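Q: Take me through one part of this model at close range. I'd like to know how it's put together and what sits around it.

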Amino acid sequence: MGIRFVLMVNKQGQTRLAQYYEYLTIEERRALEGEMVRKCLARNEQQCSFVEHRNYKIVYRRYASLFFLVGVDDGENELAILEFIHLLVETMDRHFGNVCELDIMFHLEKAHFMLEEMVMNGCIVETSKSNILTPIQLMDKTS
């Protein structure tokens, strides 16, 4: 398994979306998120986007007011994960039109659905934006 978790966090450190692909208790998740967010938000733009924390490698990227953090195994390719983050943002941009924090807050189920279409059990299974968005567009038509 490559991806352990995906987090979307605002500049104030508030988690807007969290998806875990391994079991952690609520207390463990809260502590892990707090430590990682403090560590990543404290870094400046000249530093690289990879951080080692506990037994994870954290790959993160900032888009506007949102930080996208992905925790992966030590042997995972960091550049491939950065590309995955970019694909996730492009997919959300296509659906929401320049995605922002409010889009995630008010359409959390759609954001989770996009992520679930892309990642299954910690493995990236879909990279086509149109294949990811088709089920969401069908749900929008029926409602």
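A: **The five-stranded sheet**

Five strands make up an open sheet, paired in antiparallel fashion and ordered β2-β1-β5-β4-β3. Its edge strands, β2 (15-20) and β3, each pair on one side only. From one strand to the next, the twist averages 20°. A few terms: strands (E, at least two residues) and helices (H or I, at least four) are DSSP runs numbered from the N terminus, and two strands pair if DSSP finds at least two bridges between them. Axes are lines fitted to C-alpha atoms, for helices over the stretch in contact, with angles from 0 to 180 degrees between N-to-C directions.

Keep in mind that this is a predicted model, where local features need pLDDT of at least 70 and side-chain atom pairs count only at pLDDT 80 or more, while totals for chains, interfaces and linings use all residues. Residues are numbered from 1 along each chain as its sequence is written, and side-chain values use heavy atoms, with hydrogens and water left out.

Let's start with β1 (residues 3-10). Eight of its eight residues are buried, so the strand is largely enclosed by the rest of the structure; buried means under 20% relative accessible area, exposed over 50%, and partly exposed in between (1.4 Å probe, protein chains only).

On one flank, β1 runs antiparallel to β5, and the pair is joined over seven bridges. Two of the bridge partners can be picked out by name: Ile3 goes with Val72 of β5, and Leu7 goes with Leu69 of that strand.

Then there's β2, which also runs antiparallel to β1, through five bridges. Here Met8 has Leu17 of β2 as its bridge partner. The two strands form a hairpin with four residues between them, and Gly13 in the turn has a positive phi of about 90°.

What lies across this pair? Helix α4 (residues 108-118) does: the helix lies across β1 and β2 and runs at about 35° to β2, contact here being heavy atoms within 4.5 Å.

Go back to Ile3 for a long-range neighbour. Cys123 is 120 residues away from Ile3 in sequence, yet their C-alpha atoms are 6.3 Å apart in space. Cys123 belongs to strand β7 (residues 123-124), and with a relative accessible area of 38% Cys123 is partly exposed.

Now for the other strands of the sheet, where the loops are worth a look. Between β3 (50-53) and β4 (56-63), the loop holds Arg54. The phi of Arg54 is near 55°, a positive value in a residue other than glycine. Arg54 is also exposed, at a relative accessible area of 53%.

Moving on along the chain, Ala64 sits in the loop between β4 and β5 (66-72). Ala64 likewise has a phi near 55°, positive although the residue is not glycine. With 62% relative accessibility, Ala64 counts as exposed.

To pull it together: β1 is the strand whose eight residues are buried, and in the sheet order it comes between β2 and β5. Out in the loops, Arg54 and Ala64 are exposed.
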